[in-house]
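Thank you all for coming; I would like to take a few minutes to walk through one structure with you. Please have the sequence and the model in view as we go.

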Amino acid sequence: MNALRLASLNGDHLVRSVISAGNVRFGEDFVVIAGPCSVESDEQTIKTAQEVKAAGANMLRGGAFKPRTSPYDFQGLGLQGLKILEKAKHATGLPIVTEVTDPRDVSWVSEYADVLQIGTRNMQNFSLLKEVGKLDKPVLLKRGMYSTLKEWLNCAEYILSAGNPSVILCERGIRTFETYTRNTLDLSIVPSVKETSHLPIIVDPSHGTGRLSIIESMSLAAMAAGADGIMVEVHCRPGEAMCDKDQAMSPDMFGGLMKKLTVLGSCMNKLNGKSLHRLGAGEP
Ligand code: PEP
Ligand code: MN
């Protein structure tokens with residue numbers, strides 16, 4: 001394999017990248033991104049945004065373009081969904097993370113997103129990577145569900161080499177023989193990324209496990225492993241979620257998680273002797 005020129009932690013890149021999106025700094029603070037799997041309505045998105053903001057989230061997530069396994073499932077609201085996210089941002093001040101699935105949509109989706117997400121199914125969509133590489137906006141690059149660390153970092157390299165230095169990695173689980181969980185959340189990738197790349201890495205335990213009952217422990221474990229943040233799915237009425245309802249946290253559950261992250265964050269600060277794991281808005 002050709003050596004990575006821009007994604008690796010060596011040569012010109014001996015210092016870890018800090019990537020800003022609004023008032024959020026990936027690689028410095030422990031960033032908590034929360035929100036629904038998909039944007040369904042004004043009321044659902046704004047209510048969920050207000051609840052996660054009150055609990056201490058730093059960014060709002062929500063899909064307007066949903067890459068679904070079945071073509072008959074809800075595909076997202078598209079432009080209307082982006083406009084709803086804009087209203088939720090206005091109502092709460094939370095910057096927005098949202099997925100883009102088609103190279104032709106990148107430039108106009110970027111007018112609504114503070115961070116553009118590339119989903120697991122598109123990790124190796126090289127035309128899409130080259131297109132987001134032209135932007136002056138951070139990209140959240142999810143790990144392909146069948147991909148190795150090298151393949152993943154090479155995809156980051158596509159974005160970096162096209163001119164965009166702001167790439168955040170996101171572990172979201174990989175396919176293994178295990179079926180109890182939706183995917184196998186590979187937390188060993190967090191310190192592995194830290195020793196090979198300067199890019200920040202966050203963890204998505206919602207898609208990584210698909211099981212509501214273990215999202216909290218995996219979120220805490222992600223922080224303990226040295227992740228720069230987490231992204232979790234929260235819905236104001238989980239039972240009604242149009243997408244991924246089995247893994248949607250209620251606002252109460254999310255509030256409980258934030259309290260535990262705050263406690264663990266201060267332990268991690270003591271261990272590290274610095275504020276690598278400082279929780280943004282949730283810090284006491
Ligand atoms: C998502 O975060 O909305 C999503 C679809 O995740 P993934 O690409 O990891 O399946
Ligand atoms: Mn989802």
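**The ligand and its surroundings**

Let me begin with Arg172, which has a polar side-chain atom placed 2.6 Å from an oxygen atom of ligand 1. I should say at once that this is a predicted model, and that the distances I quote are computed from it. Two further side chains come into the picture here: an N or O atom of the Gln117 side chain is 2.9 Å from an oxygen atom of ligand 1, and for the side chain of Arg121 the corresponding separation is 3.2 Å. How much of ligand 1 does the protein bury? Taken alone, ligand 1 exposes 290 Å², and 97% of that is buried by the protein. The residues that surround ligand 1 are Arg61, Lys66, Glu99, Gln117, Gly119, Thr120, Arg121, Lys142, Arg172 and His207.

Two of these names, Arg172 and His207, return when we turn to Asn183, which sits in the loop between strand E8, residues 167–171, and helix H6, residues 189–196. Although Asn183 belongs to a loop, its relative accessible area is 4%, so it is classed as buried. A polar atom of the Asn183 side chain lies 2.9 Å from the backbone oxygen of His207. If we set aside neighbours within four places in sequence, Asn183 is in contact with Arg172, Gly173, Ile174 and Arg175, and also with His207, Gly208 and Thr209.

**Helix H2 and its cover**

I move now to helix H2, residues 79–92, where a check on the geometry is possible: at 1.5 Å a residue its 14 residues should span 20 Å, and because the end C-alpha atoms are 20 Å apart, the model agrees with that expectation. Which residues of H2 are buried? They are Gly81, Leu82, Ile84, Leu85, Ala88 and Thr92. These buried residues cover an arc of only 155 degrees around the axis, and therefore they are on the same side of H2. As general background, an α-helix has 3.6 residues a turn, so residues three or four places apart point the same way. The cover over the buried residues of H2 includes helix H1 (42–55), strand E4 (59–61), strand E5 (96–99) and helix H3 (106–109). After H2 comes Gly93, with a positive phi near 80 degrees.

Within H3 we find Val106, which counts as buried because its relative accessibility is 1%. Neighbours within four places in sequence aside, Val106 is in contact with Val100, Leu116, Leu128, Glu131, Val132 and Leu135. Of these partners I would point to Leu128, which is 22 residues from Val106 along the chain, with 8.0 Å between the two C-alpha atoms.

**Helices H5 and H8**

For helix H5, residues 149–161, the same kind of check can be made: 13 residues at 1.5 Å each should span 18 Å, which agrees with the 18 Å between its end C-alpha atoms. Its buried residues are Leu149, Trp152, Leu153, Cys155, Ala156, Glu157, Ile159 and Leu160, and they pack against helix H4 (126–132), strand E7 (139–142), E8, H6 and strand E9 (201–203). Leu153, at 3% relative accessibility, is in contact with Leu4, Ala7, Leu169, Thr196 and Ser197, once neighbours within four places in sequence are left aside. Leu153 and Ala7 are 146 residues apart in sequence, yet their C-alpha atoms are 6.5 Å apart in space. H5 is followed by Gly163, whose phi is positive, near 115 degrees.

In helix H8, residues 212–224, the buried residues include Ile215, Ser219, Leu220, Ala222 and Met223. Viewed down the axis of H8, the buried residues fall within an arc of 155 degrees, so they line one face of the helix. Gly226, just after H8, has a positive phi of about 105 degrees.

**A residue to look at again**

I finish with Asp244, in the loop between strand E10 (229–233) and helix H9 (251–272). Most residues other than glycine have a negative phi. Asp244 is not a glycine, but its phi is positive, at about 55 degrees. Is Asp244 buried or exposed? With a relative accessible area of 19%, Asp244 is buried, the cut-off for that class being under 20%.

Note on methods. Residues numbered from 1 in each chain as written. Chains lettered and ligands numbered in written order. Predicted model: local features only at pLDDT ≥ 70, side-chain atom pairs only at ≥ 80, totals over all residues. Heavy atoms only, no water. Helix = DSSP H or I, 4+ residues; strand = E, 2+ residues; numbered from the N terminus. Expected span 1.5 Å × (residues − 1). Buried < 20%, exposed > 50% of the residue type's maximum accessible area, 1.4 Å probe, protein only. Arc of directions from axis to C-beta. Contact = heavy atoms within 4.5 Å. Near = heavy atom within 4 Å. Polar contact = N/O pair within 3.5 Å; in protein donor to acceptor, adjacent residues only side chain to side chain. Areas by Shrake-Rupley, 256 points an atom, 1.4 Å probe, with all protein chains shown as cover.
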